[in-house]
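Biologist: Can you take me through this one? I'd like the overall layout, then the core, then the charged pairs.

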Amino acid sequence: MAATGTPPPPSVAAAAALAVPGVAGLQPRLAHRLAAAASPTWPATTAQHAPEAGVRIDRMRDGSGWHIEVRCVLTEGHRVVDTARNVHDRVRAAVLSYLAAHDAPVAVTVTVTITVTRIAARGHTV
């Protein structure tokens, strides 16, 4: 596997983000939502998005690593800044670990952007 040219799978970042206390779920980007709306399948099957739909991975412009955007839905009762930092740290660690396990240089730079799309009531999952 050419890990330096192949992005890490979004599932790695999604799993790390979803494991953070205070994260209720990941919000799909507009492209995923439009694709689901245009799908000929029943709404019940398109309403559930894969967690990866809330993650976007792009190559850094200078080619030095990956830019990862994670769109989180948070639960109430958690400080947004603390949760965002925790998501950043866990996603970064998970992606770097994945890349190292697949023979990519460990010096890969990963940036995570947290976009809080809404706050969910406690006990509510997305």
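Modeller: A term to settle beforehand: buried means under 20% relative accessible area, exposed means over 50%, and partly exposed is in between. By that cut-off, 33% of the 126 residues of the chain count as buried. Keep in mind that this is a predicted model.

Biologist: Fine. How many helices and strands are in the chain?

Modeller: The chain has four helices and four strands. Read from the N terminus, the order is α-β-α-α-β-β-α-β.

Biologist: And what share of the contacts comes from residues 24 or more positions apart?

Modeller: Counting contacts with a separation of 6 or more, such residues account for 75%.

Biologist: What about surface, how much is accessible?

Modeller: About 7200 Å² for the chain, with 56% of that belonging to carbon and sulfur atoms.

Biologist: Now the core. How many residues does the largest nonpolar one have?

Modeller: It has 21 residues. Those with the most contacts inside this core are Leu 26, Val 55, Ile 68, Val 70, Val 87, Val 91 and Val 95.

Biologist: Which elements give two or more residues to it?

Modeller: Two helices, α1 (10–18) and α4 (80–101), and three strands, β1 (23–26), β2 (55–59) and β3 (65–75). As background, nonpolar side chains in soluble globular proteins tend to be buried together.

Biologist: Stay on α1 for a second. Which residues are buried there?

Modeller: Val 12, Ala 13, Ala 14, Ala 16 and Ala 17.

Biologist: What covers them?

Modeller: The cover over the buried residues of α1 includes the strands β1, β2 and β3, along with the helix α4.

Biologist: Switching to charges. How many salt bridges do you count?

Modeller: The count is two. One joins the side chains of Arg 56 and Asp 58, at 2.7 Å from N to O. The other is between Arg 79 and Asp 82, where the closest N and O atoms are also 2.7 Å apart.

Biologist: Take the pair with Asp 58. Is Asp 58 buried or partly exposed?

Modeller: Asp 58 is partly exposed, because its relative accessible area of 28% falls between the 20% and 50% limits. Its partner Arg 56 is partly exposed too, at 37%.

Biologist: And why does Arg 79 count as exposed?

Modeller: Because its relative accessibility is 56%, and exposed means over 50%. Asp 82, at 38%, is partly exposed.

Notes:
Residues numbered from 1 in each chain as written. Predicted model: local features only at pLDDT ≥ 70, side-chain atom pairs only at ≥ 80, totals over all residues. Heavy atoms only, no water. Core = buried A, V, L, I, M, F, W, Y, C linked by side-chain atoms within 4.5 Å. Buried < 20%, exposed > 50% of the residue type's maximum accessible area, 1.4 Å probe, protein only. Contact = heavy atoms within 4.5 Å. Salt bridge = Lys/Arg side-chain N within 4 Å of Asp/Glu carboxyl O. Areas by Shrake-Rupley, 256 points an atom, 1.4 Å probe, with all protein chains shown as cover.
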